[in-house]
Amino acid sequence: YRNVLRERCGLAAVYEEIGRVMVDQFGERDYATGVIGSLQMSTGELTWINAGHPQPLLVRDGSARHRLWCAPSLPMGLAGDVREICSTTLQAGDRLLVYTDGVVERRGSPVPSPHLDQLTEQLIASTSDAVTTEETVRRLVRSILESLDAGLDDDATLVLVDYHGSE
């Protein structure tokens with residue numbers, strides 16, 4: 001996919017290439033959800049594709065009401081087409097959290113753990129208190145792990161981006 005990016009073919013081509021490689025490697029039995037995105041640091045323009053992933057959280061001005069929505073395409077490896085390519089412009093001070101479903105869901109349980117609202121509240125509080133990116137991630141991970149009774153049953157990944165504007 002890096003070659004596709006270098007050739008400036010766009011995010012849809014990256015989605016298709018990852019899916020093709022997965023099918024070549026694993027057949028049609030495996031797939032991966034994800035968010036494929038590009039952030040132009042000079043302008044704050046964020047463009048992304050949601051491949052069957054939870055919607056990212058955007059904290060702006062002490063609130064997460066600016067949730068980022070993008071119609072989910074099929075997970076990569078299932079030979080789907082891109083349903084939507086979304087874009088927004090980040091502002092200085094924005095904090096973006098991309099996370100896997102294993103962070104907020106437990107297999108076989110209808111109850112999210114930790115609840116998405118709790119995760120969101122923790123992210124807002126850390127942002128309002130100017131907690132560093134690294135420490136915020138540590139706190140979120142600690143909260144996720146403390147919410148488990150029997151350990152993780154799915155991947156739990158967090159990617160936190162602090163956008164400081166074009167400097």
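The following exchange between a colleague and a modeller concerns a predicted model.

Colleague: What is the strand order of the open sheet that contains β2?

Modeller: Strand β1 (residues 34–40) pairs with β2 in the antiparallel sense over 7 bridges. Strands β2 and β4 also pair in the antiparallel sense, over 4 bridges. The open sheet of 3 strands therefore has the order β1-β2-β4.

Colleague: Which strands stand at the edges of that sheet?

Modeller: Neighbouring strands of the sheet with the order β1-β2-β4 are turned by 20 degrees against each other on average, direction ignored. Each edge strand has a single partner strand, so one side of each is left without a neighbour in the sheet. The strands at the edges are β1 and β4.

Colleague: How many residues of β2 are buried?

Modeller: Strand β2 comprises residues 45–51 and is mostly covered. Buried here means a relative accessible area under 20%. Of the 7 residues in the strand, the number buried is 6.

Colleague: Which residue in the turn between β1 and β2 has a positive phi?

Modeller: Strands β1 and β2 form a hairpin, with 4 residues between them. In that turn, a positive phi of about 85 degrees belongs to G44.

Colleague: Which residue in β4 stands opposite T47?

Modeller: T47 has a bridge partner in S38, T47 being the β2 member of that pair. Towards β4, the residue opposite T47 is S87.

Colleague: Which residues does the disulfide join?

Modeller: The structure holds 1 disulfide. Its S to S distance is 2.4 Å, and the cut-off for such a pair of cysteine sulfur atoms is 2.5 Å. The link is right-handed, with 95 degrees about the S-S bond. The residues joined are C70 and C86.

Colleague: Where in the chain do the two cysteines of the disulfide lie?

Modeller: The pair links distant parts of the chain, 16 residues apart. C86, which W48 stands opposite, belongs to strand β4. C70 lies in the loop between β3 (57–59) and β4 (86–89).

Colleague: Is C70 buried or exposed?

Modeller: A residue counts as buried under 20% relative accessible area. C86, with 7% relative accessibility, counts as buried. C9, by contrast, has a relative accessible area of 45% and is partly exposed. At 0% relative accessibility, C70 is buried.

Colleague: What is the order of the open sheet that contains β5?

Modeller: Strands β3 and β5 run antiparallel and are joined by 3 bridges, with L58 opposite L96 in β5. The edge strands are β3 and β6, each of which pairs on one side only. Neighbouring strands of this sheet are turned by 15 degrees against each other on average, direction ignored. The order is β3-β5-β6.

Colleague: What distance separates the end C-alpha atoms of helix α5?

Modeller: Helix α5 has 14 residues, 133–146. At 1.5 Å a residue it should span 20 Å, and the model agrees with this expectation. The end C-alpha atoms are apart by 20 Å.

Colleague: Within what arc do the buried residues of α5 fall?

Modeller: The buried residues of α5 are T136, L140, S143 and I144. Seen down the helix axis, they line one face, because they fall within an arc of 100 degrees.

Colleague: Against which elements do the buried residues of α5 pack?

Modeller: Helix α5 lies across β5 and β6, and runs at about 150 degrees to β6. The elements packed against by its buried residues are β5 (95–99), α3 (101–104), α4 and β6 (158–162).

Colleague: Where are the residues D61 and A79, each with a positive phi?

Modeller: Most residues other than glycine have a negative phi. D61 is not a glycine, yet has a positive phi of about 55 degrees; the phi of A79 is near 60 degrees. D61 is exposed, with a relative accessible area of 71%, and A79 is exposed at 74%. D61 and A79 are each found in the loop between β3 and β4.

Colleague: How far apart in space are E121 and S63?

Modeller: E121 lies in helix α4 (residues 116–128) and is exposed, with a relative accessible area of 55%. E121 and S63 are 58 residues apart in sequence. In space, their C-alpha to C-alpha distance is 9.0 Å.

Key. Residues numbered from 1 in each chain as written. Predicted model: local features only at pLDDT ≥ 70, side-chain atom pairs only at ≥ 80, totals over all residues. Heavy atoms only, no water. Buried < 20%, exposed > 50% of the residue type's maximum accessible area, 1.4 Å probe, protein only. Expected span 1.5 Å × (residues − 1). Arc of directions from axis to C-beta. Contact = heavy atoms within 4.5 Å. Pairing = 2+ DSSP bridges. Axes fitted to C-alpha atoms, helices over the stretch in contact; angles between N-to-C directions.
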